[in-house]
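Colleague: I have a model with bound ligands open on my screen. Could you show me how to read the surroundings of a ligand?

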Amino acid sequence: MSGEVHTACPYCGVGCGVLARLEGGKVHVRGDPEHPSNFGRLCSKGSALGETMALDGRLLFPEIKGQRASWDTALDLVAQRFTQAVRDHGPDSVGFYVSGQLLTEDYYVANKLLKGFIGTANIDTNSRLCMASSVAGHKRAFGEDIVPVSYEDLEQADLVVLVGSNLAWCHPVLHQRLLAAREKRGTKVVVIDPRRSASAEDADLHLAIRPGSDVLLFNGLLAHLAASGVTNPAYIAAHTTGFDAALALAQADAPDRSRVAKGCDVHPADLARFYAWFEQTPRTVTVYSQGVNQSAHGTDKVNAILNCHIVTGRIGREGAGPFSVTGQPNAMGGREVGGLANQLAAHMGFAAPELDRVSRFWNAPNLARTPGLKAVNLFEAARAGRLKALWIMGTNPAVSMPDAGRVREALGRCDFVVVSDVTRTDTTRHADVLLPAAAWGEKDGTVTNSERRISRQRAFVPLPGECRPDWAILSDVARRMGFAAAFPYRSRAEIFREHAALTAFENDGERLLDLGALSDLADADYEAMAPVQWPVRRGAQPGGRLLATRFAHPDGLARLVPVRQEGPARPVDGDYPIALNSGRLRDQWHTMTRTGLVPRLMSHAPEPVLDLARREAQGFGLETGDLVQVESAFGQALARLRVSDAQRPGEAFLPMHWSGLFAARAGAGAVSNPATDALSGQPELKHVPVRITQAPLRWVGLLLTRRDIRPTGLLHWSRAPVAGGWAYELAGAEPPKEGVLLARALLPPATRDALIDYADKRAGTWRAASLGPDGALAEALLVAPPGRLPDRAWLLSLLAAGGPLTPSDRRALLSGRAPVPMPDRGRIVCACMGVGLNEITNAVRNGVTTVEAIGAATKAGTNCGSCRSEIRELIHAQRSIAAE
Ligand SMILES: Nc1nc2c(c(=O)[nH]1)N[C@H]1C(S)=C(S)[C@@H](COP(=O)(O)OP(=O)(O)OC[C@H]3O[C@@H](n4cnc5c(=O)[nH]c(N)nc54)[C@H](O)[C@@H]3O)O[C@H]1N2
Ligand SMILES: Nc1nc2c(c(=O)[nH]1)N[C@H]1C(S)=C(S)[C@@H](COP(=O)(O)OP(=O)(O)OC[C@H]3O[C@@H](n4cnc5c(=O)[nH]c(N)nc54)[C@H](O)[C@@H]3O)O[C@H]1N2
Ligand code: SF4
Ligand SMILES: [Mo]
């Protein structure tokens with residue numbers, strides 16, 4: 001244990017405990033066996049954390065207009081420009097756009113500075129794209145944004161319903177906990193998702209509903225529960241209001257089951273099975289995530305689900321409850337401090353008594369009195385010139401916002417843009433002032449996970465360059481703007497205590513968020529703080545289930561909210577006939593700023609791939625491997641096509657991850673619709689009508705290089721880190737001769753003459769390579785007509801080997817033929833053990849038939865387990881090919 005620091009994973013909202021240690025200049029991580037979120041487990045991303053910590057590409061110094069500047073100059077400028085904008089145009093002319101990846105202390109200071117002292121509520125967060133509909137739904141039903149359940153409930157449930165949640169890939173350790181519990185108690189798992197996701201692969205029942213038809217499905221369930229007599233009249237009478245109206249609208253929406261089956265486009269028998277299981281299982285947990293939230297009717301979807309739990313009294317009890325899982329490591333912490341534009345602070349809003357209370361607590365006479373602009377409107381205000389100064393922290397809106405092209409335009413037009421980040425991104429390109437923040441492993445503070453558990457993230461490496469933690473940067477700007485008295489912070493502990501005190505301030509139990517017992521934590525206790533679930537009231541046991549009988553509305557009753565099924569913000573039509581869905585891949589985190597640097601994480605999905613339903617692929621004459629253009633009314637993207645039986649007819653899926661640093665134009669953001677839910681302001685990121693056409697390709701290429709470059713002038717490129725450097729896929733619409741010139745221009749001028757340079761005019765292929773001064777392969781470039789690139793395994797092995805080439809390798813480079821055929825492992829399926837697709841399918845061909853036996857034969861799936869559903873699918877697929 002010596003030298004190991006207890007910290008928490010900076011990726012998903014599961015909030016796994018990590019033990020990290022620096023040894024021999026390398027960071028080693030393992031799961032913390034004592035952490036109650038993961039008990040020692042980590043997923044593929046968490047286990048690769050040590051590989052993301054190299055400093056190349058890190059921002060190490062402040063910059064003004066791209067030139068290095070001192071902290072003093074940079075912060076003076078930020079303070080001066082924000083002050084000037086407020087003076088000339090009023091407080092609403094400035095804004096912050098922050099992130100669920102900030103620590104609670106950072107978040108608290110940002111919120112207090114803008115709402116309390118600058119005097120505008122124009123602070124919004126990437127949680128607007130993520131959790132806003134759940135927040136709005138919780139507030140409507142419960143009176144407060146409360147997640148009532150704990151992870152244990154998932155293990156104690158007999159039925160787990162995953163709605164719009166790909167838990168297997170997005171909350172992998174929680175999913176592994178669920179699967180382990182299922183082994184013991186036979187839990188049934190139902191997945192409700194238009195797409196056959198990895199989670200659906202593992203489920204007992206998958207309802208591939210029509211996108212956006214969740215309200216109808218749950219209205220039908222509510223009507224069914226009422227008709228079958230499992231609603232709980234005593235509970236409804238004592239603890240809720242609105243039952244009759246909610247039921248009446250549900251019955252009008254879903255008069256009979258066949259109407260629901262038709263509307264949701266699922267088999268009536270499957271629907272009946274789901275309804276019967278739900279009806280018969282008191283211990284039911286419904287997990288929901290972005291398939292619910294990221295919709296123009298996300299809030300109604302949330303309430304449709306909550307209604308079914310409330311009317312059966314299945315809330316706040318062992319093994320029962322609705323469970324909105326958070327995405328980011330500190331999405332929950334951000335909601336606690338009030339990082340959303342329509343929250344004030346500490347679960348308080350803008351009602352007069354709350355304004356009064358917070359302004360007295362902060363001693364802030366200038367407190368913002370009304371909600372501020374939500375993300376989409378905030379950027380629109382910047383585009384329209386109303387927002388004069390914008391500070392972006394810990395998020396990459398140029399990639400992750402819907403209609404991202406318009407957001408880039410907004411960033412270009414805004415007078416003054418400050419970006420705090422740890423690395424260069426598509427957003428930092430627009431920064432007037434760029435501030436280098438402390439990254440994971442360097443920063444220190446608290447985060448709250450999906451089950452309301454507060455954990456410490458601890459530093460275990462020194463701050464590199466001139467990096468500083470976000471809270472310190474913000475406090476310095478606050479002081480420079482004249483608010484020194486309110487921002488005296490010298491440590492994170494001081495900030496945390498103040499935040500905890502605010503949650504308990506004049507709180508006689510009406511706000512469930514209460515961290516009162518932590519408000520006088522000594523510095524040493526803060527340093528040593530063990531994970532703790534809130535509430536942490538003075539004189540009470542911390543944590544536990546919430547909302548069994550008392551809700552946070554003033555009358556203590558839950559609201560049953562009548563909701564009606566509505567269509568998508570923009571339906572498909574003749575011009576844009578395909579419904580495009582978007583979301584996550586197993587081994588990538590968001591815009592790839594960290595996970596995109598790790599070869600073994602990138603190898604699961606090395607290229608941007610669009611999954612398109614077989615029916616449309618056939619109709620359009622498209623095949624797996626084609627490069628396709630995806631166009632919506634908002635923008636376009638280019639990706640490799642995969643014909644998919646996991647998509648419903650008429651539907652396609654594009655990962656959200658690719659940014660301009662990893663591909664020419666493969667981002668889902670540019671294509672996505674900025675239309676939002678009227679209540680929550682959350683955009684409909686899961687549905688946009690598109691058309692899909694073949695890209696006009698005349699040549700393709702592969703560049704292997706040790707350099708980190710960003711090609712320009714090409715129709716298409718994408719890249720992936722590989723051992724020893726990068727692999728760039730290139731493609732163009734020009735005649736191959738011009739393609740060669742374009743591709744060649746990517747090589748460094750100095751080495752262009754020192755190339756092995758060979759063209760086979762008849763075959764239309766061309767290849768080049770150069771060696772570094774050390775005699776090792778430095779660059780290799782292949783250009784060929786589409787589909788004709790030679791096998792690359794050998795070239796990749798040369799780049800990986802790194803040493804001087806042998807004479808036979810040199811001869812082989814000249815001849816273009818590998819000296820010995822190299823086995824191709826194929827795309828990596830198991831990232832932990834590095835096992836490729838071909839190794840697994842070979843094992844199946846040799847008669848291996850179970851996931852366990854694949855593990856024994858190849859080691860695949862034996863570490864974190866997140867690839868096991870994919871292995872199961874591969875076994876099925878291989879065996880059905882064999883059976884044909
Ligand atoms: N590997 C990985 N894990 C992550 C992240 C990551 O980047 N990578 N990010 C984290 C974050 S911030 C978040 S928010 C979570 C997100 O976690 P999830 O919400 O589980 O992930 P998504 O892939 O965005 O979307 C979930 C599913 O919603 C489905 N869906 C689309 N439309 C509908 C619909 O109309 N109805 C229903 N019922 N389902 C629909 C999609 O097909 C998709 O499978 O993941 C967290 N974990
Ligand atoms: N089409 C489509 N778009 C989506 C989604 C989708 O499903 N489909 N999902 C949406 C969701 S749920 C989310 S949460 C968003 C996520 O989208 P983003 O928030 O834009 O994604 P990240 O890549 O995580 O950006 C985080 C940035 O913060 C930086 N960073 C990391 N740590 C720190 C720190 O301590 N301090 C500072 N200052 N910076 C730091 C990282 O380098 C990175 O640039 O994307 C949304 N966009
Ligand atoms: S499950 Fe989430 S928190 Fe746990 S290791 Fe994986 S990414 Fe990190
Ligand atoms: Mo998210």
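**Reading the ligand sites**

Modeller: Happily! Of the 31 residues around ligand 2, the nearest are Asn 126, Ser 400, Asp 421, Lys 443 and Thr 591. Keep in mind that this is a predicted model.

Colleague: Which polar contacts does ligand 2 make through its oxygen atoms?

Modeller: Look for pairs of N or O atoms within 3.5 Å. Here, a polar backbone atom of Asn 396 is 2.8 Å from an oxygen atom of ligand 2, and a backbone N or O atom of Gly 394 lies 3.1 Å from one. The side chain of Lys 686 also takes part, with an N or O atom 3.0 Å from an oxygen atom of the ligand. As for cover, ligand 2 has 920 Å² of accessible area on its own, and the protein covers 99% of that.

Colleague: Between which domains does ligand 2 lie?

Modeller: Check which domains give residues to the shell. Domain 2 (63-129 + 330-499) and domain 4 (578-694) both do, so ligand 2 lies between them. Strands β15 (416-421) and β21 (578-583) each supply at least two shell residues.

Colleague: And what classes of residue make up the two shells?

Modeller: Around ligand 2 there are 17 polar, nine nonpolar and five charged residues. The shell of ligand 3 has eight nonpolar residues, two polar and one charged; among its members are Cys 9, Cys 12, Cys 16 and Cys 43.

Colleague: Where does ligand 3 sit?

Modeller: Ligand 3 sits in the largest cavity. Helices α1 (44-47) and α7 (172-185) each supply at least two residues of its shell, which includes Lys 45, Pro 172 and Val 173.

Terms used. Residues numbered from 1 in each chain as written. Chains lettered and ligands numbered in written order. Predicted model: local features only at pLDDT ≥ 70, side-chain atom pairs only at ≥ 80, totals over all residues. Heavy atoms only, no water. Near = heavy atom within 4 Å. Polar contact = N/O pair within 3.5 Å; in protein donor to acceptor, adjacent residues only side chain to side chain. Areas by Shrake-Rupley, 256 points an atom, 1.4 Å probe, with all protein chains shown as cover. Helix = DSSP H or I, 4+ residues; strand = E, 2+ residues; numbered from the N terminus. Nonpolar A, V, L, I, M, F, W, Y, C, P; charged D, E, K, R; others polar. Domains from an automatic or database assignment. 1 Å grid on protein atoms, 1.4 Å probe; cavity = no way out; pocket = protein on both sides within 12 Å on 5 of 7 lines; lining within 4 Å. Sits in = over half its atoms within 2 Å of the grid points.
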